[in-house]
Amino acid sequence: MKNIAAIIISFVIPFTAANASEPTDTVTIFMIGDSTMADKPLAKENQERGWGQMLPLYFDGAVKIDNHAVNGRSSKSFIDEGRWDKVRELMRPGDYLIIQFGHNDEKSHDPSRHTVAGGSFDDNLRKFVIEAKAKGANPILMNSIVRRNFPAPDGTTHAQTDDKQKDWKSAQAMPANEGDILVETHGAYLDSPRNVAKAEDVPFIDLNSATRELVQQLGPTLSKNMFMWIPAGKYEFCPAGKVDNTHLNILGGLLVSRLAATELAKKIPGLRRFIKPEIYNLNDNGDAR
């Protein structure tokens, strides 16, 4: 196994602050999705970050990232609340749209958010793609990032978390011991973005596989450092602490956004020129081509 410290260092650095000025010919990358992508408030030492919040660190030049992802939203609720209408109106020809839903579409107990993989979930993803194309924009489908889920040998696992929950006591309960194998939780919701992308002839990025590989490599102990494992009494934003295997902390946001930037550089030629060349190595010289 690679040295874990080296992995983290190579993922996170180097990066510099994004340009303060925005040229008039700026290309906009719109982002729609859920809390794993969304911008988080910084008040009270909040440690949570969405990967979309950190993505601008790896971009440079005449490009703007406009993150419309919102905590707790599914593809259905994002549409029903009028959020998609707002994004659609803002898009211009030549812009990009990154689409990533799934975590909340899975919630069968909540009819306001639940969709069916292979049915209504695919329909919503297809709507985003077709309507973005109609605006002259370039849609990119991604599937959900992995949950940190290392079941104990007896099958015991941490309770899954939800943006709407107020009581984190159930999530604090620890399995007797976690296993060493990361087990996927998203099921068929990972396939829908891939299938829609193929049918509509648009790019698909398997961010689930990329994050799954990273979390498995880190293992059950070190991977906690990516997620919202917050000790009690340390931070003002969460004095009681929490155990959250879904949402990313600052390090997790940096690592996942680095993975996303690397995949975008590989698969989206129109964006490659905006991604800092030190973030990836596409050829022997490390040039962005």
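Two residues are in contact when heavy atoms of theirs lie within 4.5 Å. Helices (H or I, at least four residues) and strands (E, at least two) are DSSP runs, numbered from the N terminus.

This is a predicted model, in which local features need pLDDT of at least 70, side-chain atom pairs count only at pLDDT 80 or more, and totals for chains, interfaces and linings use all residues. Residues are numbered from 1 along each chain as its sequence is written, and side-chain values use heavy atoms, without hydrogens and water.

The protein chain contains 10 helices and 7 strands. Of its 289 residues, 54% are buried, that is, under 20% relative accessible area, with exposed meaning over 50% and partly exposed in between (1.4 Å probe, protein chains only).

Where do Leu-207, Ala-210, Thr-211 and Leu-214 in α8 find their partners in α9? They meet Leu-255, Val-256, Leu-259 and Ala-260. The residues of this contact comprise 7 nonpolar, 1 polar and no charged (nonpolar: Ala, Val, Leu, Ile, Met, Phe, Trp, Tyr, Cys and Pro; charged: Asp, Glu, Lys and Arg; polar: the others, Gly among them).

Two residues other than glycine have a positive phi, as the table shows.

| Residue | Phi | Relative accessible area | Class |
|---|---|---|---|
| Lys-44 | about 55° | 52% | exposed |
| Glu-45 | near 60° | 45% | partly exposed |

Lys-44 lies in the loop between β1 (27-33) and α2 (51-54), and Glu-45 lies in the loop between β1 and α2. Most residues other than glycine have a negative phi.
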